[in-house]
Amino acid sequence: MDSPMPRTSAIAPAPKNPPARPRSKAAPNPTPAEPTLTRRPRGRPRKTAEELDDGNRRRKLMDGAAKLFRTQGFAATSTRDIAAAAGMHSGSPFYHFESKSALLYAVMSEGMTMATQSQQQALDALPATAAAREQLHTLIRHHFEILLGPRSSFIPVMLYEWRSLTPAQRKGIARIKDSYEATWMPVLEALAQQGALQAEPGVARLFIFGALNWAVQWFSPKKGKSLDALTDEALALFIRQ
């Protein structure tokens, strides 16, 4: 018999050192995106709705307090009265003002500050060539507006409740009041130089404000007299035609 043939394995033996696999190139690290800078809007930041509402409430308190101080008097007006007039809870005034005295001072000081600003605006609206008489007419008409107009309570409060202020508060109001009245002096001095003023300018200023301020006691729009007509008659009292 023939000797059997050796069988070969169907599977080739694995090589001792397998070939190395080619290394894949590592992906480069992505460059981090630069943060985008948000530009701040120019000017003052806009007030939030809550801040605007607080401002409106503060204004309501001051307007309501001014009317009550004028009609009832400072001493007879309670913080509960003021809160009720503004449609708020009884403790709400103390969120905006530390005391009733502070509220009284705010009514006077902010009222006079606004009057000073609007007075200057009224003069600025005149032509540069406006005569002294026309300037005085504008000043008187503006003063009647803040005395007798829609938001005129702060002047009577200042006149009648002066003694309710502390000494420090009186000094603060006096500074604003002096600034308001000082605007009248160059006009009165110009009229005096023209021989049109009935008195020395300093004395004339005192008489004029005394007469105009007293109008809060007797003026009534129901009597048919307009502020324009009232201004013309007041002007005729103070300067020569």
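E145 and R141 both sit in helix α5 (residues 132-148), four residues apart, about one turn of the helix. Helices here are DSSP runs of H or I with at least four residues, numbered from the N terminus. The side chains of E145 and R141 form a salt bridge at 3.1 Å, N to O. A salt bridge here is a side-chain nitrogen of Lys or Arg within 4 Å of a carboxyl oxygen of Asp or Glu.

This is a predicted model: local features need pLDDT of at least 70, side-chain atom pairs count only at pLDDT 80 or more, and totals for chains, interfaces and linings use all residues. Residues are numbered from 1 along each chain as its sequence is written, and side-chain values use heavy atoms, with hydrogens and water left out.

**Salt bridges**

By this rule the count is eight salt bridges. Three of them are tabulated here, each with its N to O distance.

| Pair | N to O distance |
|---|---|
| R59 and D63 | 3.6 Å |
| E145 and R141 | 3.1 Å |
| E181 and K177 | 3.1 Å |

R59 and D63 share helix α1 (residues 49-71) and are four residues apart, about one turn of the helix. E181 and K177 are also four residues apart, in helix α7 (residues 167-182), so about one helical turn separates them. R59 and D63 also belong to a wider salt-bridge network that includes R58 and E110.

How accessible are these residues? Buried means under 20% relative accessible area, exposed over 50%, and partly exposed in between (1.4 Å probe, protein chains only). E181 is buried, at 8% relative accessibility. Its partner K177 is partly exposed at 28%. In helix α5, E145 is partly exposed at 32%, and R141 is partly exposed at 23%. R59 is partly exposed at 24%. D63 is partly exposed at 27%.

**Aromatic rings**

The structure holds four aromatic pairs. The ring centres of W218 and F219 lie 6.4 Å apart with planes at 70°, so this pair is edge-to-face. Rings of Phe, Tyr and Trp (its six-membered ring) pair if their centres lie within 6.5 Å; planes under 30 degrees apart count as stacked, over 60 as edge-to-face and the rest as tilted. W218 is partly exposed at 43% relative accessibility, whereas F219 is buried at 16%. Elsewhere, ring pairs link Y180, W184 and F209 into a cluster.

One charge over a ring can be named. K100 lies over the face of F74, 4.4 Å from the ring centre. The criterion is NZ of Lys or CZ of Arg within 6 Å of the ring centre and within 35 degrees of the ring normal.

Conventions:
Helix = DSSP H or I, 4+ residues; strand = E, 2+ residues; numbered from the N terminus.
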